[in-house]
Amino acid sequence: MPNVPSSDKTTDHENKTKANKNRQKKKTKASSTDLQPQQQKTSSADRKTQEEKKKKGKRSSRLERRYGRFHCKNCNRGWESSHVYVVAGTLQVVYKQKCKKCRLPWFPYVNEELEESDDARPRHVDVKKPHPADLCGKCLAGYRCN
C-alpha cells in the first residue's frame, strides 16, 4: 500500500460512500418513477369517477319509496308519510321532510315498507290527500314525487 496521507484516505472513503448513496438514490428514483405513471392513471380514473358521481349526485342511485314516521324535536309534532325515499336495498334515507308547524327539516325515526304487514302499527296516511310538495325534501330539490 502506498504512503497516502490520511486526508486522502478519508476523501476516497467519502467518495465511495457518496457514490453508493447516489446509486441508491437512482434506484429509488427509478423504482418510484416506474410506479408514478401507473399511480397517475389510477388517480385520474378515480378523479373522473368521483367527478361523475358528483355530477349525478343523489340521482345516480336508484331510489325506493317507503313509509316513515317523523318527529319534530323543536315543536314536538309528529307525522307520518308514505313519501320517504331511501337508496334501493338499504335503509339510508335520502331526503328530509319539513315540519308543517315550524318548517324545520327532519329525517324519519322509522321507515318501513309501503305494504303494511300484519304485525305493524296501524298507519294514518290518507292516500286521497294531496302530497304537500312544499314540505317534501325531494320535491324541494326539484324531483317531483308524483
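A salt bridge here is a side-chain nitrogen of Lys or Arg within 4 Å of a carboxyl oxygen of Asp or Glu. The legends below go with a predicted model, and by this rule the count comes to 4 salt bridges.

**View 1. Arg 103 paired with Asp 134.** The closest N and O atoms of this salt bridge sit 3.3 Å apart, which puts the pair inside the 4 Å cut-off. Arg 103 comes from the loop between S3 and strand S4 (105-106), while Asp 134 belongs to the loop between S5 and helix H2 (137-140), so the contact ties together parts that are 31 residues apart in sequence. Arg 103 is partly exposed, at 42% relative accessibility, and Asp 134 is partly exposed too, with a relative accessible area of 45%.

**View 2. Arg 69 meets Glu 112.** Here's a strand-to-strand salt bridge, 3.4 Å from N to O. Arg 69 is in strand S1 (residues 63-71) and Glu 112 in strand S5 (residues 110-112), so this one links parts that are 43 residues apart in sequence. Arg 69 is buried, with just 3% relative accessible area. Bring Arg 123 into the frame as well: salt bridges with shared partners join Arg 69, Glu 112 and Arg 123 into one network.

**View 3. Arg 66 with Glu 64.** The closest N and O atoms of this salt bridge are 3.6 Å apart. Arg 66 counts as buried because its relative accessible area is 10%, under the 20% cut-off. Glu 64, on the other hand, is partly exposed at 29%.

**View 4. Gln 92 in its loop.** Look for Gln 92 between strand S2 (78-87) and strand S3 (97-98). Its relative accessible area is 53%, so it counts as exposed. Setting aside neighbours within four places in sequence, Gln 92 touches Tyr 85, Val 86 and Val 87. Leu 63 is 29 residues away from Gln 92 in sequence, with 9.9 Å between their C-alpha atoms.

**View 5. Stretches where pLDDT drops below 50.** For the protein chain, mean pLDDT is 74, and 58% of the residues reach 70 or more. Residues 30-43 fall below 50, and beyond near neighbours in sequence this stretch has 0 contacts in the model. Residues 54-60 also stay under 50, and there the model has 3 contacts beyond four places in sequence.

How values were computed:
Residues are numbered from 1 along each chain as its sequence is written. This is a predicted model: local features need pLDDT of at least 70, side-chain atom pairs count only at pLDDT 80 or more; totals for chains, interfaces and linings use all residues. Side-chain values use heavy atoms; hydrogens and water are left out. pLDDT is the predictor's confidence in each residue, from 0 to 100. Contact means heavy atoms within 4.5 Å. Helices (H or I, at least four residues) and strands (E, at least two) are DSSP runs, numbered from the N terminus. Buried means under 20% relative accessible area, exposed over 50%, partly exposed in between (1.4 Å probe, protein chains only).
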